[in-house]
Amino acid sequence: MSHAWLVLGLLVFLGGHSLRVFAPAWRDARVAAMGEKPFKAVYSLVAIAGFVLLVWGYAQARGGEPVLLWVPPLGLRHAVSLLTLPAFILLVAAYLPGNHFKARLGHPMLLAVKLWALAHLLVNGWLHGVLLFGGFLLWAIVCFRAARRRAPAPGGGRWLPTIASVVLGAVLWAGFVFHLHKLLIGVAPFG
């Protein structure tokens, strides 16, 4: 039962973020009926509720009676931390227009989520970690495949936003892995 809230949170959060993939006609009908802004408001409330459930469910599962599925090798933790560096760069690239990552890959945020989830899945042998990171990995794979089938965004990349993506992503990554991860999650990736 301790994992039920986590699973519910994943279903609500990722389910809401999957409407464009699994129910595009239903989503478009809701936008047409409600209007774009009211739809986005309801969508945001559902996403926030799902996120709160998922964080709370993860904390409950982690603090209750966690189930260990496997023990990852300790040395893998440092290697996996390096996998999150390109994830941060791709995450920044998703928000900086005109960069080569977005022009070439089309959906850098989904690739960032895939890298982040895979990295954390490799070093987390607890059931609650497998549910969380495995759920996000599966979601990102399905959404990336669906997004690649849609028409690509026109235009090529420019170097300045590409370099800015790399620099800003690396700075954010360093701040997170060396300081914020321990503070927020309780685990020091390189410590």
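Helices (H or I, at least four residues) and strands (E, at least two) are DSSP runs, numbered from the N terminus. The model is predicted: local features need pLDDT of at least 70, side-chain atom pairs count only at pLDDT 80 or more, and totals for chains, interfaces and linings use all residues. Residues are numbered from 1 along each chain as its sequence is written, and side-chain values use heavy atoms, with hydrogens and water left out.

**View 1. Ala-103 in helix H6.** Ala-103 sits in helix H6, which covers residues 100-105. Its relative accessible area is 35%, so Ala-103 counts as partly exposed (buried is under 20%, exposed over 50%, partly exposed in between; 1.4 Å probe, protein chains only). Pro-66 is 37 residues from Ala-103 in sequence. In space, the two C-alpha atoms are 42 Å apart.

**View 2. Aromatic pairs, with Phe-13 and Phe-136 at the centre of the view.** Rings of Phe, Tyr and Trp (its six-membered ring) pair if their centres lie within 6.5 Å; planes under 30 degrees apart count as stacked, over 60 as edge-to-face and the rest as tilted. Nine aromatic pairs result from this rule. One of them joins Phe-13 and Phe-136: the pair is tilted, 6.0 Å centre to centre, with 50° between the planes. Phe-13 belongs to helix H1 (residues 4-16) and Phe-136 to helix H8 (residues 127-149), so the pair ties together parts that are 123 residues apart in sequence. Phe-13 is buried at 15% relative accessible area. Phe-136 is buried too, at 10%.

**View 3. The pair of Trp-173 and Phe-178.** Trp-173 and Phe-178 form an edge-to-face pair. Their centres are 6.0 Å apart and their planes meet at 80°. Trp-173 is buried, with 10% relative accessible area. Phe-178, at 48%, counts as partly exposed.

**View 4. An aromatic cluster.** Six residues are shown here: Phe-13, Phe-51, Trp-116, Phe-133, Phe-136 and Trp-139 form one aromatic cluster. Among them, Phe-133, Phe-136 and Trp-139 are buried residues of H8.

**View 5. Helix H8 and its cover.** H8 has 23 residues. From first C-alpha to last it reaches 33 Å, close to the 33 Å expected at 1.5 Å a residue (1.5 Å times one less than the number of residues). Its buried residues include His-128, Gly-129, Leu-132, Cys-143 and Phe-144. Ala-140, Ala-146 and Ala-147 are also among them. The cover over the buried residues of H8 includes H1, helix H2 (19-22), helix H4 (36-63), H6 and helix H7 (108-122). Contact here means heavy atoms within 4.5 Å.

**View 6. Two salt bridges.** The structure holds two salt bridges (a side-chain nitrogen of Lys or Arg within 4 Å of a carboxyl oxygen of Asp or Glu). One joins the side chains of Asp-28 and Arg-27, at 3.5 Å from N to O. Asp-28 is partly exposed, at 45% relative accessibility. Glu-36 bridges to Lys-40, with the closest N and O atoms 3.1 Å apart. Both Glu-36 and Lys-40 lie in helix H4, four residues apart, about one turn of the helix. Lys-40 is partly exposed at 46%.

**View 7. A nonpolar surface patch.** Leu-180, Leu-183, Leu-184, Ile-185 and Val-187 make a nonpolar surface patch of about 450 Å². Patches are made of residues with over 30% relative accessible area and no salt bridge: like charges are joined within 9 Å, nonpolar side chains (Val, Leu, Ile, Met, Phe, Trp, Tyr) within 5 Å. Accessible areas come from the Shrake-Rupley method with a 1.4 Å probe; for residues, only the protein chains shown count as cover. Leu-183 is found in helix H9 (residues 159-185). Leu-183 is exposed, at 66% relative accessibility.
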